[in-house]
Each structure stands twice: as C-alpha cells, then as structure tokens.
Amino acid sequence: MDTPRPGRTAGDRQQAAVASDADFVVVANRLPVHLDTSDPDAPRWRRSPGGLVSALDPILRNRRGAWVGWAGTVTGGARPALPEQDIRLHPVPLAEDEYRDYYEGFSNTTLWPLFHDVVVPPDFDQAWWHSYLRVNQRFAQHTAGLAAPGATVWVQDYQLMLVPALLRALRPDVRIGFFLHIPFPPPELFLQLPWRSQIVDGLLGADLIGFQLPGGAQNFLQLVRRLHRGESVGRAPRSSLLGSVLVPGREVRVGAFPISVDTAGLEELARSEAVRERARQIRRQLGEHRRVMLGVDRLDYTKGIDQRLRAFEALLADGRASARDTVLVQIATPSRERVEHYRRQRARIEALVGQINGTFGQVGQVPVHYLHTTVGRSELAALYGAADVMLVTPLRDGMNLVAKEFVAARPDLGGALVLSEFAGAAHELTRALLVNPHHPAELSDVMAAALDQDPAEGRCRMRDLRRHVRERDVHHWARSFLTVLRAGGSGAVPSGSDDSPQAAVVA
Ligand code: ADP
Ligand code: F6P
C-alpha cells in the first residue's frame with residue numbers, strides 16, 4: 001500500500017517559498033463559489049453548497065486570506081474569471097476521472113458513509129485511493145506554492161486528510177491546523193478502512209487536529225493507540241484540548257471545537273423588512289391558518305429526510321395533523337447526484353412525497369411542498385422566519401448548521417426546533433426538542449408536541465437557544481481554533497524524542 005509522498009524536488013520547494021505571500025490560507029475541497037455550467041452558453045459563478053462554506057466564508061472575508069479549493073467544474077475550455085471577492089481564490093483543477101474517483105468515490109462512497117456510522121455500506125476501491133492520494137498531493141503542492149514563510153494553513157475536512165503530512169514535507173516552516181467537519185467514528189468502524197494507517201499519518205502532519213465534539217477527539221486518540229503509534233500518558237484536559245500525540249520531534253495537539261454560524265449576520269438579515277415581508281408572503285401562500293413545518297438539507301441519506309416524511313405521514317394518518325391545518329415544506333439541495341446511494345435516496349424521497357400528497361392532499365391543498373433546489377440567503381432567512389417548527393432530524397451529522405441558523409434567524413423568539421440527538425448540535429442546543437430519528441413513533445410524537453408547543457414555553461426555550469448561538473458563533477469557533485493553533489509554538493518536543501516510538505498519545 002502507498003504511503004503519502006510529496007511529488008516535489010528540493011528545487012520546487014525553494015521556488016514555492018519564493019513565490020508565496022499569503023499569511024493565512026484555508027485549504028478546502030471546494031472554493032466558496034463554483035462554476036455552474038448547466039447552461040453551457042452562459043456559465044455562472046454560484047455560492048457552493050454545504051456547511052463548510054457557510055462557516056468559513058465570513059471568517060476569510062474578515063482576514064483577507066487566501067482560499068485553495070476546487071472550482072466545482074471538470075469541463076475544460078475558456079472559463080469566466082473568478083468573481084471579485086475580499087478573499088483570494090486559488091482554484092485547484094480536477095480531471096473528470098479524479099472527480100469520479102477522488103470526490104464521488106473515495107471521499108463520498110468510502111469515507112462519508114464510514115464516518116457516518118455506516119448508514120450505508122462503504123465501498124473500498126484501490127483505484128479511488130490512488131486518486132485520493134494524487135489529488136491530496138496536488139492540493140498540498142498548490143498550498144506550498146502560495147503560503148508565505150511561517151504562514152498559518154488551515155486544512156478542512158475529510159476530502160483532504162493526507163494534506164497535513166504532505167504539506168509539512170514540502171513546507172516544514174508553516175503552521176498547520178486541520179479541522180474535521182464530519183463525525184470521527186469509533187475505532188471499530190475506522191479500522192475497516194484498508195488505508196487506515198496512511199490516513200492517520202496524514203492527519204498527524206498537523207500541529208493541531210480539531211473535531212466537532214470531544215467524542216470524536218477521543219475516538220481519534222484511541223485509534224492512534226490501537227494502531228500502536230505509541231503509549232498513552234494521562235493529562236488533565238486544558239480548554240478545548242483533550243490530548244496530544246507525540247510524533248518524532250513534534251507534538252500534535254487534539255481538541256474539540258464545535259463549529260457555528262454567523263449569528264449577527266443572520267439576525268440582521270432576519271430583522272430586515274424585506275425578509276420579514278417575504279416571510280409573511282410565504283405564510284400567506286401556504287395558507288395563513290396553517291401550521292408550517294420546515295426541513296432544509298442537502299439531499300443526503302444521512303439527513304433523515306425520509307424518516308421525517310414518514311413521521312409526518314403517520315400524523316396525517318392518525319389525525320393529529322391534516323392537510324387543512326398543517327404543511328411541511330422540504331427544501332433539498334441537489335448533492336452528489338451521480339453517486340448511487342444519493343440517486344436512490346432522491347427516488348425514495350420523491351416517491352414518498354408523491355405518496356403522501358396523493359393520499360392526504362386535495363385540489364389546491366397538498367400537505368408536502370418539496371423543492372429540489374438551492375435557495376439564496378434571504379429566501380432561506382424568510383423560510384426560517386415563516387416556520388412554526390424546524391425539523392432537523394439527521395441519523396448522524398458532524399454538527400448541522402441549519403439548526404443553529406434557524407435559532408439565529410428567530411429574534412422574534414418564535415418557532416420550535418426539533419433536533420436529532422445524533423446531530424453534533426444536540427450537544428449544545430439542549431433546549432431544543434431532542435429526538436431519536438431512528439424511533440418512528442417517538443419522532444411523530446415529538447413533531448406533534450412541537451406543533452402544539454405552548455407559546456410561552458417556546459419563547460423561553462428559544463431565548464436559551466439564542467443565548468448559546470450568540471455567545472458561540474462562527475467567529476468564536478475560528479478564534480478558539482486559531483488561538484490554540486498559534487499558541488503551540490513550533491509544536492517541537494524536547495530533543496531525544498526522535499528516538500521515541502513512532503508516536504505517543506498524551507490524553
Ligand atoms: P452539510 O454541511 O452536511 O451540508 P449543514 O447543515 O452543516 O450540513 O450545512 C448546510 C448548509 O447549507 C447550511 O448553511 C444551509 O443553510 C445550507 N443549505 C442547505 N440546504 C440549502 C438549500 N436548499 N438552499 C440553500 N442553502 C442550503
Ligand atoms: O460538511 C460536510 C461537507 O462534505 C463539506 O465538506 C462540504 O463542503 C459540504 O458538506 C457539501 O458537500 P459537497 O462539497 O460534496 O457538495
């Protein structure tokens with residue numbers, strides 16, 4: 001099996017250091033914008049989907065840093081220039097076969113299901129692994145050529161887990177942070193991965209590895225021990241830090257840094273007259289007297305969209321809701337559409353929507369409004385403002401920013417949040433109506449309770465939830481990660497450590 005190896009010479013390294021000038025570089029699979037070529041005659045830049053972009057966009061805008069990522073298209077030929085931004089965007093190209101093998105294959109058919117509790121079985125494919133390795137090398141090389149001497153580089157998410165070690169080999173002078181946006185699984189699951197040691201070694205190239213929850217960080221530390229990377233030494237947890245791994249000549253710190261949203265920005269948008277008017281209009285269009293339930297997700301099998309539709313169907317069937325008094329609006333962003341499990345999930349959801357509307361709808365009054373589309377920020381804020389009940393019911397989710405966005409967008413203290421216990425957000429938003437989405441009857445009951453929630457109790461819950469997302473917003477997240485990253489010195493450990501075992505865990 002391959003070990004990640006940089007494909008550059010000493011000359012390339014020299015060149016990279018000379019050409020570079022960015023002090024702060026974010027490296028992520030996607031740029032915050034992608035080229036939409038659905039109309040080949042008029043390609044357009046659009047905002048990229050997903051929580052990672054929502055979180056990092058405001059951070060980089062404030063710091064005027066550089067962002068290294070894929071521009072979302074594999075087509076060749078002339079491309080429109082990248083749009084003017086406060087952020088320097090540095091596109092990394094992907095060929096068609098790399099999109100298939102690195103992105104759809106290894107990232108989203110191997111790692112994504114494996115890290116989400118094998119909700120669907122992951123596929124292991126040697127050719128995909130090779131592509132993942134090659135693309136990670138390319139990201140590391142582009143970053144090495146862009147970062148100023150001693151720069152801070154922040155690598156994001158599961159698509160780029162080899163980049164920390166590859167980049168360190170090219171540019172030992174830079175400080176490297178890595179943050180995983182999705183759950184880190186228990187060792188029993190991770191160890192299924194044929195390339196498990198290479199992935200762990202890739203991550204250990206970082207100075208700081210951040211996870212959403214303490215449980216993910218503990219899973220990683222346990223895994224390092226199980227893979228015999230060293231011995232564990234006890235140490236009291238300090239702030240967000242849960243432990244360290246000693247590798248030859250360096251200390252790799254490991255911690256939990258729950259991601260969040262741009263609370264103030266969303267609140268301002270939600271308070272704007274245009275958004276409030278649009279929210280009123282949405283309610284009028286849906287039927288003023290009807291209670292509005294809302295789901296907003298990427299169309300992903302981890303998000304529990306079918307479970308929530310079935311739970312709503314049960315409410316309609318037993319009479320606790322009817323198309324006359326209740327409507328469920330489900331907005332689903334198209335996602336990873338060529339991947340088999342995503343195709344099946346879309347077919348399942350659309351069949352279910354048809355079945356529910358066919359059984360319980362009337363002319364001019366359907367119980368489910370389903371939109372397979374991406375909506376803009378203002379429209380999203382208006383939808384949040386129009387909802388009586390927000391349904392966030394993933395089977396497993398690293399954090400789930402939609403839950404926090406909904407809370408940020410409700411300065412009126414209205415609305416109830418139904419939140420899966422299996423979303424990372426449930427560890428913080430404990431005043432939401434928490435639910436186990438794997439339990440159909442419980443899910444229906446909690447949805448019914450949310451519809452009937454006493455308004456005074458609802459306001460009280462929302463006030464507590466809002467206090468949390470105001471204190472712990474996305475700026476707090478970035479600040480806490482970067483402060484720990486920068487406080488760590490070079491990460492060097494006392495001399496003599498080169499003779500130590502390959503790594504030691506301090507936890
Ligand atoms: P993930 O990162 O798995 O997609 P998150 O809930 O953490 O899940 O983040 C999703 C992000 O994408 C949120 O910022 C949300 O507002 C945005 N989003 C999800 N669905 C849509 C949609 N249909 N239109 C616009 N934005 C969406
Ligand atoms: O948060 C998980 C994540 O995979 C991000 O890394 C990504 O930006 C987002 O979801 C959307 O997924 P994709 O980039 O595959 O469309």
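How far is an oxygen atom of ligand 2 from an N or O atom in the side chain of aspartate 157? I looked this up in the predicted model and found a separation of 2.5 Å.

**Entry 1: ligand 2**

I next listed the surroundings of ligand 2 and counted twelve residues, of which Arg30, Tyr103, Asp157, Tyr158 and Arg336 are the closest. I sorted this shell by residue class and obtained six nonpolar, two polar and four charged residues.

I then examined further polar side-chain atoms beside the oxygen atoms of ligand 2. For arginine 30, I noted a polar side-chain atom 2.6 Å from an oxygen atom of the ligand. For tyrosine 158, the corresponding entry reads 3.1 Å, again from a polar side-chain atom to an oxygen atom of ligand 2. I also checked how far the ligand is covered: ligand 2 taken alone exposes 380 Å², and the protein buries 93% of that area.

**Entry 2: helices α11 and α15**

I turned to helix packing, which is described by the angle between the two axes and the distance between them. Helix α11 spans residues 305-317 and helix α15 spans residues 440-451; I recorded an angle of about 70 degrees, with the axes 9 Å apart. Because angles of 65 to 115 degrees count as roughly perpendicular, I entered α11 and α15 as roughly perpendicular to each other. Their crossing is right-handed.

**Entry 3: helices α14 and α16**

I looked up helix α14 (residues 401-408) against helix α16 (residues 455-471) and found packing at about 110 degrees, with axes 9 Å apart. I therefore entered α14 and α16, too, as roughly perpendicular to each other. Here I noted a left-handed crossing, in which α14 passes α16.

Technical notes
Residues are numbered from 1 along each chain as its sequence is written. Chains are lettered from A and ligands numbered from 1 in the order in which they are written. This is a predicted model: local features need pLDDT of at least 70, side-chain atom pairs count only at pLDDT 80 or more; totals for chains, interfaces and linings use all residues. Side-chain values use heavy atoms; hydrogens and water are left out. A residue is near a molecule or strand if one of its heavy atoms lies within 4 Å of it. A polar contact is a pair of N or O atoms within 3.5 Å; within protein, one must be able to donate a hydrogen and the other to accept it, and residues adjacent in sequence count only if both atoms are side-chain atoms. Accessible areas come from the Shrake-Rupley method with a 1.4 Å probe; for residues, only the protein chains shown count as cover. Ala, Val, Leu, Ile, Met, Phe, Trp, Tyr, Cys and Pro count as nonpolar, Asp, Glu, Lys and Arg as charged, and the others, Gly among them, as polar. Axes are lines fitted to C-alpha atoms, for helices over the stretch in contact, and angles run from 0 to 180 degrees between N-to-C directions. Helices (H or I, at least four residues) and strands (E, at least two) are DSSP runs, numbered from the N terminus. Angles under 35 degrees count as roughly parallel, over 145 as roughly antiparallel, 65 to 115 as roughly perpendicular and the rest as oblique. A crossing is left-handed if the near helix is turned anticlockwise from the far one by less than a right angle, and right-handed if clockwise.
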